[in-house]
Amino acid sequence: MRRPIIAANWKMHKTPAETLAFAKEFAELIRGAEGVDIVIAPPYPALSELGRALAGTGVMLAAQNVHPEPAGAFTGEVSIGMLADIGCQYVIVGHSERRGLFGETDEFITAKLRAVQDGGLRPILCVGESLGEREAGRTFEVIAAQLEGSLARSDTARAEELVIAYEPVWAIGTGKTATPELAQEVHAFIRGRLAERWGGAAVQIRIQYGGSVKPESAPALMAQTDIDGGLVGGASLDPASFCAIIRYEDRVEK
Ligand code: PGA
């Protein structure tokens with residue numbers, strides 16, 4: 001019913017030349033991979049290059065960030081129109097590294113999310129609790145507040161195009177993947193909140209899990225009812241390991 005979506009978040013890794021080398025190998029490896037949306041978010045300088053190198057493969061491009069204004073005096077920023085022009089279809093918004101390291105607030109995130117939707121692109125909205133918040137028993141409260149704040153200005157008519165990524169901060173880049181049961185519990189909670197907001201549309205919204213996803217952990221995570229794909233950092237930098245995650249279905253017993 002929901003088509004899985006596996007996205008690579010390369011963060012600040014790979015030059016355009018390294019991106020081309022990845023693309024060459026990756027295009028061969030994913031030949032024939034069906035029934036899954038594949039998305040890659042390289043750093044800005046490699047976006048066009050990657051789009052050209054993977055043309056015809058069905059792989060879609062994402063940006064890791066964007067500014068909500070269409071143009072103006074915003075040194076160092078990139079607009080949605082610029083991303084659309086080079087064939088970008090998705091934009092990651094609200095990643096915990098942007099929230100934590102760059103001070104992004106829910107108010108700014110919801111402005112971006114709405115601008116992405118208005119510009120005809122699709123947001124991948126990240127939410128997730130820190131270790132301290134989990135240990136204090138505040139996971140659901142934190143996730144609910146992030147959803148509320150980050151979706152405050154979202155376009156109801158485009159609800160079904162939204163992708164949510166649940167990324168527990170304690171699992172990002174640490175090698176500590178959430179157990180499938182723990183992730184499912186939060187995913188179900190997120191879907192419940194989306195249903196309260198948008199009713200039936202919530203059934204269509206894809207919710208990715210992110211945080212140290214590896215080829216070994218992917219099948220059990222993806223087999224969970226409310227996990228519809230992954231947002232993959234470290235393991236997406238290598239074509240073979242990213243491909244093994246994409247082809248998780250080959251290893252899921254149904
Ligand atoms: P990781 O990163 O897979 O390296 O934990 C995931 C992310 O931050 O999106």
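A polar contact is a pair of N or O atoms within 3.5 Å. With that idea in hand, the ligand site of this predicted model is a good place to begin. An oxygen atom of the ligand sits 2.7 Å from an N or O atom in the side chain of His95, which falls inside the limit of 3.5 Å. The backbone takes part as well. A backbone N or O atom of Gly173 is found 2.6 Å from an oxygen atom of the ligand, and a polar backbone atom of Gly233 lies 2.9 Å from an oxygen atom of the ligand. On its own the ligand would expose 290 Å², and the protein buries 96% of that area.

The surroundings of the ligand can be described residue by residue. There are 13 residues around the ligand, and those that come nearest are Lys11, His95, Glu167, Gly173 and Ser212. Sorted by character, the shell contains 4 nonpolar, 7 polar and 2 charged residues.

His95 deserves a further look. This residue belongs to the loop between strand 4 (88–93) and helix 4 (96–101). Is His95 buried or exposed? The relative accessibility of His95 is 4%, so the residue counts as buried, because buried means under 20% relative accessible area. Apart from its contact with the ligand, the side chain of His95 is joined to the side chain of Glu167 by a polar contact of 3.2 Å. Setting aside residues up to four places away in sequence, His95 touches Asn9, Lys11, Cys126, Glu167 and Ile172.

Cys126, one of the residues that His95 touches, leads to the topic of cysteines. How many disulfides does the structure hold? The count is 0. Cys126 is in no disulfide, and the nearest cysteine sulfur, which belongs to Cys88, is 14 Å away. A disulfide needs two cysteine sulfur atoms within 2.5 Å, so a partner would have to lie inside that limit. Cys126 has a relative accessible area of 1% and is therefore buried. Cys243 is likewise counted as buried, at 5% relative accessibility.

Cys243 also appears among the buried residues of helix 10, together with Pro239, Ser241, Phe242, Ile245 and Ile246. Why is helix 10 described as largely enclosed by the rest of the structure? The reason is that 6 of the 8 residues of this helix (residues 239–246) are buried. The cover over these buried residues includes strand 1 (5–9), helix 1 (16–29), strand 2 (37–41), helix 9 (218–222) and strand 8 (229–232).

Two loop residues stand out for their backbone angles. Lys14, in the loop between strand 1 and helix 1, has a phi near 85°, a positive value in a residue other than glycine. With a relative accessible area of 23%, Lys14 is partly exposed. Ser212, already met as one of the residues that come nearest to the ligand, has a positive phi of about 55° although it is not a glycine. The loop that holds Ser212 runs between strand 7 (206–210) and helix 9. At 10% relative accessibility, Ser212 counts as buried.

Charged residues can also be found under cover, and Asp228 is one of them. This residue lies in the loop between helix 9 and strand 8, and its relative accessible area is 6%. Which side chains make polar contacts with the side chain of Asp228? The side chain of Arg2 does so at 2.9 Å, and the side chain of Arg191 at 2.8 Å. Leaving aside neighbours within four places in sequence, the contacts of Asp228 include Arg3, Pro4, Ile5, Ile205, Arg206 and Ile207 in addition to those two arginines.

Glu129 offers another case. Its place is in the loop between strand 5 (122–127) and helix 6 (131–135), and at 0% relative accessibility Glu129 counts as buried. A polar contact of 2.9 Å joins its side chain to that of Trp170. Beyond neighbours within four places in sequence, Glu129 is in contact with several residues, among them Arg134, Thr139, Val142, Ile143, Tyr166, Pro168 and Val169. Glu167 is also in contact with Glu129, and the side chain of Glu167 has the polar contact with His95 described above. Finally, Glu129 and Gly94 are 35 residues apart along the chain, and their C-alpha atoms are separated by 13 Å.

Notes: Residues are numbered from 1 along each chain as its sequence is written. This is a predicted model: local features need pLDDT of at least 70, side-chain atom pairs count only at pLDDT 80 or more; totals for chains, interfaces and linings use all residues. Side-chain values use heavy atoms; hydrogens and water are left out. Buried means under 20% relative accessible area, exposed over 50%, partly exposed in between (1.4 Å probe, protein chains only). A residue is near a molecule or strand if one of its heavy atoms lies within 4 Å of it. A polar contact is a pair of N or O atoms within 3.5 Å; within protein, one must be able to donate a hydrogen and the other to accept it, and residues adjacent in sequence count only if both atoms are side-chain atoms. Accessible areas come from the Shrake-Rupley method with a 1.4 Å probe; for residues, only the protein chains shown count as cover. Ala, Val, Leu, Ile, Met, Phe, Trp, Tyr, Cys and Pro count as nonpolar, Asp, Glu, Lys and Arg as charged, and the others, Gly among them, as polar. Helices (H or I, at least four residues) and strands (E, at least two) are DSSP runs, numbered from the N terminus. Contact means heavy atoms within 4.5 Å.
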